[in-house]
Amino acid sequence: MKLPAHRTGLPGSVITFYIVGFQPRLQGGALSRLSRKISLYLNLNLDLNLPLGFMKFKTIEWKGDRARLLDQRRLPLEVRYFDCRDASSVAQAIRNMAIRGAPAIGVAAAMGIALAAKKIRLSQPEAFRRNLEGVCQEMKQTRPTAVNLSWAVNRMERLLDQVHSYGVKRMKEMLEEEALRIFKQDLEINQKIGENGKTLIKGGDGVLTHCNAGGLATAGFGTAVGVIHAAWAEGKRFRVFVDETRPLLQGSRLTAWELAQEKIPTTVLTDNMAGWLMKKGHIHLVLVGADRIALNGDTANKIGTYGLAILSKWHNIPFYVAAPTSTLDLSLASGKEIPIEERSPEEVTHWGGKRITPKGIKAFNPAFDVTPHSLIQGIVTEKGIVREPFYKNLKKMFTK
Ligand code: MRU
């Protein structure tokens, strides 16, 4: 069996050697373990067809007995990976934002559950299920706004419900496979979002984005930044403006770092500059990600998105959201019901461990805001671009 090198990211001969050369010498358990590893590897790499030279970093990686995460708190000054060997260290990494971005924390939570399952020593299906159920609940509580997190955990829970039929040993394997499937599907979905959205960008445009909705916020490629990657890969030449995104600077630290790797011309601006740049005619399109989208199209995203949407409307600039369908929460009629995470005021009053406001001053720190659907031109998903009336068209997309 020889796979075309461009489909796997590895030279075809390496793969041929791995499968044909080694496998026959192994016996019994070792053979089945190896073939499972190979099939997981191939499953992850087939059909991705990523543009050449793309993704010089790995946001999250499965290593069998641990998840390897790129520590986003240290970027761009330091590129450092660290390993999580159990669910609580994954939960901690989500809470402290070593990994962040709606789809990425969903993948991390699923891997955390798979790790927890491996560690459980109970052989009774019901005891195993109850134990892991506690881990699922802990994962769901790490960050409340991004619905991708509970979406991924729900997928793991649904599988867990079948433990009585499959038994504990098989269930552990199935949970690992499901976590890797969530990872792989996110990569594929992001590429589709890129393809569907790239027509929005024209040569010579100034594209403004907020926060980081790139490869760092997903399994790879990104949503809003994925659209930018796809348009760039097609040969369009344009300029990207990145809001620095206070208080944690996901724009200037993370999005700018990602775009710099592809040498896409990028200019960082502080969050209060967007209006003036729009007025001066530098911005032709605004593209952002999302953490949760209600049935009517109201969209929660990083704090500051709402203000940008109002500015875009005033200046007649198209404002688009890019998100996978796993970000849709059709159980919520409108954005009013979206829970908004409040983070520590210290993220505002301190920087790099140092106080930057006078002692005793209070700070407000909602991590997200909700942009009303009336300000959104369209939502780019892996299934196409959805437009008003969102409540009808989003529903339709799900019944297709
Ligand atoms: O607090 P963060 O950094 O997790 O917020 C991330 C965002 O708001 C992103 O725009 C959103 O999750 C979309 S990521 C594809």
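## The second largest pocket

The second largest pocket of this structure, which is a predicted model, has a volume of about 250 Å³. Its lining is made up of 16 residues, and those that lie nearest the centre of the pocket are Gln72, Arg73, Leu248, Arg253 and Trp351.

Sorted by class, the residues that line the second largest pocket are 7 nonpolar, 3 polar and 6 charged. Helix H11, which covers residues 250–261, gives the largest share of this lining, with 3 residues.

## Helix H5

Helix H5 runs over residues 102–119, and because its 18 residues at 1.5 Å a residue should span 26 Å, the separation of 26 Å between its end C-alpha atoms agrees with what is expected. Of the 18 residues of H5, 16 are buried, so this helix is largely enclosed by the rest of the structure.

## Strands S4 and S5

Strand S4, made of residues 206–209, is covered on both faces: Gly206 and Leu208 are buried on one side, and Val207 and Thr209 are buried on the other. In a regular strand the side chains alternate between the two faces of the sheet.

S4 pairs with strand S5, residues 239–243, in the parallel sense, and the pairing extends over 4 bridges. Within this pairing, Leu208 has Phe241 of S5 as its bridge partner, and Leu208 is also one of the buried residues of S4.

## The sheet of four strands

An open sheet with mixed pairing contains 4 strands, which follow the order S11-S8-S9-S14. S11 and strand S14 (368–371) stand at the edges with a single partner strand each, so one side of each is left without a neighbour in the sheet.

The partner of S14 is strand S9, residues 299–302, and these two strands pair in the antiparallel sense over 4 bridges. One of the residues in this pairing is Thr299, whose bridge partner in S14 is Thr371.

## Ser331 and its surroundings

Where along the chain is Ser331 placed? Ser331 belongs to the loop between strand S11 (328–329) and helix H14 (346–349), and S11 is itself one of the edge strands of the sheet described above.

Is Ser331 buried or exposed? Ser331 counts as exposed, because its relative accessibility is 61% and the cut-off for an exposed residue is over 50%. The side chain of Ser331 is joined to that of Asp329 by a polar contact of 2.5 Å. Ser331 and Ala294 are 37 residues apart along the chain, while their C-alpha atoms are separated by 7.4 Å.

Methods. Residues numbered from 1 in each chain as written. Predicted model: local features only at pLDDT ≥ 70, side-chain atom pairs only at ≥ 80, totals over all residues. Heavy atoms only, no water. Buried < 20%, exposed > 50% of the residue type's maximum accessible area, 1.4 Å probe, protein only. Polar contact = N/O pair within 3.5 Å; in protein donor to acceptor, adjacent residues only side chain to side chain. 1 Å grid on protein atoms, 1.4 Å probe; cavity = no way out; pocket = protein on both sides within 12 Å on 5 of 7 lines; lining within 4 Å. Points joined across faces, edges and corners; volume = space filled by probe spheres on them. Nonpolar A, V, L, I, M, F, W, Y, C, P; charged D, E, K, R; others polar. Expected span 1.5 Å × (residues − 1). Pairing = 2+ DSSP bridges.
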